[in-house]
Amino acid sequence: MLKEEEVNRLARVGLALVGVIVVLVLVGVVALAVTVRRPLPKTGGAVSVPGLQAEVHVYRDEYGIAHIYAQNEEDLYFAQGYVHAQDRFWQMEFWRHVGQGRISEMVGEATLESDKFIRTMGWNRMGEATLAYYEKEAPEYIATLEAYSAGVNAYIDEHRDELSLNYTILGLVNDKWEIEPWTPLNTITWAVVMSDDLGGNWRDEIDRAELIKELGEATVANLRPPYSYETRPVMIPTEAMDNELPEEALAPHALAAVDWSRVNTDVVGEVPELGFALGRGPFIGSNNWVVAGEHTDTGRPLLANDPHLSIQMPAIWYEVGLHAPDMDVVGFSFAGVPGVIIGHNNQIAWAVTNVGPDVQDLYIEKVNPSNPRQYEYEGEWQDMEVIEEVIKVNGSEDVVLEVLLTRHGPIINELVDGQSDVLSIRWTAHEPSRILQAISLLNRSTNYEEFREALQYWDVPSQNVIYADVEGNIAYQMPGLVPLRQNGNGQTPVPGWTDEYEWEGWVPYEQLPALLNPEWGYIVTANHAVVDEEYPYLLSLDWDNGDRGQRITEMLEEAIGRGQVTADDMAHIQNDSKSLLAGSYVPLFAGLSSDDAQVQAAIERLRGWDLQERRDSVPATLFEIFFRHLTENVLADDIGQDNVWEIADVTFFHQLAGQPEASWWDSQDTPAAETRDEILLQSLEEAIAWLEENVGGDMNDWTWGRLHTATFVSNPLGQSGIGLIESVVNRGPFPADGGRHIVNANGYDREEPAAVTGHPSMRMIIDMSNFDASRAVLPTGQSGHPFSPHYDDMIELWLNGQYHPMLFSREAVEAAARDHLVLRPE
């Protein structure tokens, strides 16, 4: 038995150990707190910065939105680089590695296939070509890029060991890589990434080629009908355009005769499912519209924009104000790029959506069986240019990639043997891009003529740019390089061994669609058809289905019909979640009934639904899961389950709803002849069974927000598979309104319902009568630091359709300031 003094001694030892543990825990907590807070930037007081010529003032409001006031433009861009690095350095670091195909230097072998794809496509080489153009032809813009880079580097040098928590965490798992100085090339290659995500249709050409190979051209044409000009709007009618056009149509539409069985369509490397940065797939689009002052309550135009891009953390856009003696612009920038991409100055406002013109062509190249480094052109063997790309891999050996170049561009397939035809790619982005020049000029433009002058340099990616000015004008301009083809329509790969499918130049900028002050008083763009069938040039045959464009147009005309359009009306339209696809199918249930009580209850809910896909809506869930099963029931028996989601087309299904006798309704898997009503009921029954299994037996719990959730994921740590790390850098899931092909475009993959994959990456409404009355919101926040209060402080605003003030005047900016940082020359 222990004596009393032994018990006391053990107690004292135990207490001492507890004390040591408490101290160690406290030390760990303090160390962790210091580690996570160390990267947070200084936003108040004064900082001496080498490289500045004069003082710069940076005001931040309650959401961390920075307004930069400089005494000259060089200092302004320097300070923008410094501020971008303060808040978003990790995003900049990740994006610049993407742009040059160097992701594996950070992440390791997991991203090697992505780097192989990027190096094969030549993003790094394209960036170097553009840099050479600027150095030779436009050195004044190199000066802008160098000033911006100097600001980024000033921050890097000042905070090299405490730039980002993401860098610290990744460095614990992988070998730490050197943080290199920022250069103009890093900015330029980001523009290449943007061009691929927003302007690349090579994937569609391959998908269509593979479908034709398996199903035949007639079936593919049936399932992918052309744009429905009869039921959906056109942005810019040819007869209303603000430019002179050739009288004769110049758009070729002939399909090439190809032996698809010989064509190798396997691409070198790998493209992430949702793209590299801005996203890809049907959710990549945008809405913008502008209303003339004759229809608004202020007597001046109102302009709105919400680009639909990949959901991620931090936000894609960085909101900023840039103010100097010859520059006064507010809006949305990319971290890593000087200037404002979307926004307004003191005279004009502009906004963009993706045009999606066909600016990439795949060429089928015949390889010499005796020499796999040669390809045929005009009856002769031509030598390929061979480039060796060295890919550095974190924690592993370098990988040497051999890239083969033809007259059309790089070969994007492996050379398996000399008998398989391979694909090369030609792309307008192979030309030096002048988009940064366009942005700089656009930021300074003061009227419509200067606006159009600036956009002639916006080469890729082509955008629908709408315009408003303080004088009351509204306008539209499509910029961009669009090829003139001798033959072919750009939808499938074409023979590369003949000159019959070469490009002959570009559609002249002066003849690209333009519109000034249309008589109907508004302009709407939502990735639907830019032009009608009378326009003489081929821009694209693959427009968005037009549902969003139709809905925005309807709502604008309703608002104009009620009286004068207000900023609140614009916000209401931006957050509208009505499904026009549901509008085609829900009425079909009017005459249907079921003996199954659960199915009948679902029918009743659908009948009483307003077609709004809100997070608290049960009918929204019923319809979306019903339509998923309907798509498979209609198509799988005819074309195979594996092809269903490759070819499912909204325009086809809109049309099918009104065709009760169509053969697609009959299942090939049964001897009976099924009717439309039978397939509708079968699909609803299967949807209910799916929901009972995956959500629960109580229909009241089947709200849309249970399935349709937004999770903001940070690259690459947010996909690490380590729960603790993911909980630090990611946010969500959050129940969300909206859906696919809806104005409030929170899209998702129908194969895996219904987590959001693409979203309105910002929302903006500009009031041309009073810029301080403008409003905007990001999905997440300004900061890229997980422990900053501005990492996620706009999420609730964004989810609930709310906004923050988008201030402009210095008086309003200073009155709203929560932090004031002075950058002083060292």
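Here a trainee and a mentor talk through a predicted model, starting from Ser445 and ending with the whole chain.

Trainee: Where does Ser445 sit?
Mentor: Look in the loop between α11 (435–444) and α12 (448–455).

Trainee: Why is Ser445 called buried?
Mentor: Buried means under 20% relative accessible area. Ser445 comes out at 2%, so it counts as buried.

Trainee: What makes the link between Ser445 and Leu441 a polar contact?
Mentor: Check the distance first: a polar atom of the Ser445 side chain lies 2.9 Å from the backbone oxygen of Leu441. The cut-off is 3.5 Å for a pair of N or O atoms, one able to donate a hydrogen and the other to accept it, so this pair fits.

Trainee: Which residues does Ser445 touch, leaving aside its neighbours within four places in sequence?
Mentor: Those are Asn345, Ile348, Glu450, Phe451 and Ala454. Contact here means heavy atoms within 4.5 Å.

Trainee: Now zoom out. How many helices and strands does the chain have?
Mentor: You get 24 helices and 31 strands.

Trainee: How do you know that the chain is as compact as a globular protein of that length?
Mentor: The globule rule gives 28 Å for 826 residues, and the chain's radius of gyration is 28 Å, so the compactness matches. As for burial, 61% of the 826 residues count as buried.

Trainee: What about contacts between residues at least 6 apart in sequence?
Mentor: Of those, 72% join residues at least 24 apart.

Trainee: And how many charged side chains are there, positive and negative?
Mentor: The chain has 52 positive and 131 negative ones, with the centres of the two sets 7 Å apart.

How values were computed. Residues are numbered from 1 along each chain as its sequence is written. This is a predicted model: local features need pLDDT of at least 70, side-chain atom pairs count only at pLDDT 80 or more; totals for chains, interfaces and linings use all residues. Side-chain values use heavy atoms; hydrogens and water are left out. Helices (H or I, at least four residues) and strands (E, at least two) are DSSP runs, numbered from the N terminus. Buried means under 20% relative accessible area, exposed over 50%, partly exposed in between (1.4 Å probe, protein chains only). The radius of gyration is taken over C-alpha atoms; the globule rule is 2.2 Å times the number of residues to the power 0.38. Lys and Arg count as positive and Asp and Glu as negative; His and the chain ends are not counted. The place of a charge is taken as NZ of Lys, CZ of Arg, CG of Asp or CD of Glu.
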